[in-house]
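Let's learn to read a protein sheet and its salt bridges together. Have a look at the structure first, and then we can talk it through.

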Amino acid sequence: MIFTDTHTHLYYEQDLEKQTQLMERCFENGVNRLFLPNVDVASIAMIDGLIEKYPDNCFAMAGLHPCDVKEDYLSVLDEIYQSIAPRKIYAIGEIGIDLYWDKTTLGIQQDAFHKQIAWAKALGLPIVIHCREAFDEVFEVLESEKDEKLRGIFHCFTGNVAQAKQAIDLNFYLGIGGVVTYKKAGLDAVLSEIPLSNLVLETDSPYLAPVPFRGKPNESSYLIYIAQKLADIYQKPVSEIAEVTTANSVKIFGV
């Protein structure tokens, strides 16, 4: 079985011994493909460092996280964009809108979102969307950008059935992480109406650890607990969950 973690910040662990242990636990659990979302300028070097060590397992994205869209966002975007050409990038992400922490930056978040979608279209890449308390705002941008080039993943999807179907209609897969294992999240009920063919797996490590590790630091090796939950929901073997979601990740990222 080959599992794909389509969204992990494993590179945040900069203690090399601990980083090696995290990767070894991934391999022990069959998590052999890890896609690394970018959040700011500083994380570019961290991502590249991990890829240099594990070139067959780790794959880079480039983008500015909506929570990092500040007054200087145009110059930051330019710096991130300049980093793309000399590297191999598989997606523009994570990008989007986050209104949980700061609603006053909505305007510049929207502008940054549009600009980075334009990058993706020009480069023929998918986008990986961060959406927190901003489904309406994100969908407004996506509907305005809708065309045959717009595609990607709704990272950490926690919406309702209507929102899931709208995302799928816009040519997006749903990134399912640890939240699906939380009893009160209700995501299992949503997924019961959504085909497995529209999903990919993710951890968002070190955040949102699945049960039985909820409240503790997450890691990509815990992807197997998310896969087991999907196996329960869809009444399919874990091996089939791995096969379908990894195949979906290949369709999205081209690798």
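**Reading strands and salt bridges**

Q: Which strand is joined to S3 by 3 bridges, and how do the two run?
A: Happily, we can start in the middle of this predicted model. Strand S2 (residues 31–36) and S3 run parallel and are joined by 3 bridges. Within this pairing, Phe35 has Phe59 of S3 as its bridge partner.

Q: What lies on the other route, where S3 pairs with S4?
A: S3 and strand S4 (residues 89–98) are also paired in the parallel sense, over 3 bridges. Here Met61 stands opposite Ala91 in S4.

Q: Where do the side chains of a strand point?
A: In a regular strand, side chains alternate between the two faces of the sheet. In S3, Cys58, Ala60 and Ala62 point one way, while Phe59 and Met61 point the other way.

Q: Is S3 mostly covered or mostly uncovered?
A: Mostly covered: 5 of the 5 residues in strand S3 (residues 58–62) are buried.

Q: What do S2, H2 and S3 make?
A: Together with helix H2 (residues 42–53), S2 and S3 make a right-handed β-α-β unit.

Q: How many strands form the sheet, and in what order?
A: There are 8 strands in an open sheet, ordered S1-S2-S3-S4-S5-S6-S7-S8, with parallel pairing. Strand S1 (3–5) and strand S8 (199–201) stand at the edges with a single partner strand each, so one side of each has no neighbour in the sheet. On average, neighbouring strands are turned by 30° against each other, direction ignored.

Q: Which helix packs on the sheet, touching S1, S2, S7 and S8?
A: That is helix H8 (residues 223–234), whose direction makes about 150° with that of S8.

Q: How do I recognise a salt bridge?
A: Look for a side-chain nitrogen of Lys or Arg within 4 Å of a carboxyl oxygen of Asp or Glu. By this rule the count is 6 salt bridges. One of them joins Glu219 and Arg25, at 2.7 Å from N to O. This pair links distant parts of the chain, 194 residues apart: Glu219 is in the loop between S8 and H8, and Arg25 is in helix H1 (residues 16–28).

Q: Why does Glu219 count as buried?
A: Buried means under 20% relative accessible area. Glu219 has 9% relative accessibility, so Glu219 counts as buried. Arg25, at 33%, counts as partly exposed.

Q: Which residues are linked in a network of salt bridges?
A: Lys121, Glu145 and Asp147 are. Between Glu145 and Lys121, the closest N and O atoms are 3.0 Å apart.

Notes:
Residues numbered from 1 in each chain as written. Predicted model: local features only at pLDDT ≥ 70, side-chain atom pairs only at ≥ 80, totals over all residues. Heavy atoms only, no water. Buried < 20%, exposed > 50% of the residue type's maximum accessible area, 1.4 Å probe, protein only. Helix = DSSP H or I, 4+ residues; strand = E, 2+ residues; numbered from the N terminus. Pairing = 2+ DSSP bridges. Right-handed = clockwise from strand over helix to strand, strands pointing away. Axes fitted to C-alpha atoms, helices over the stretch in contact; angles between N-to-C directions. Contact = heavy atoms within 4.5 Å.
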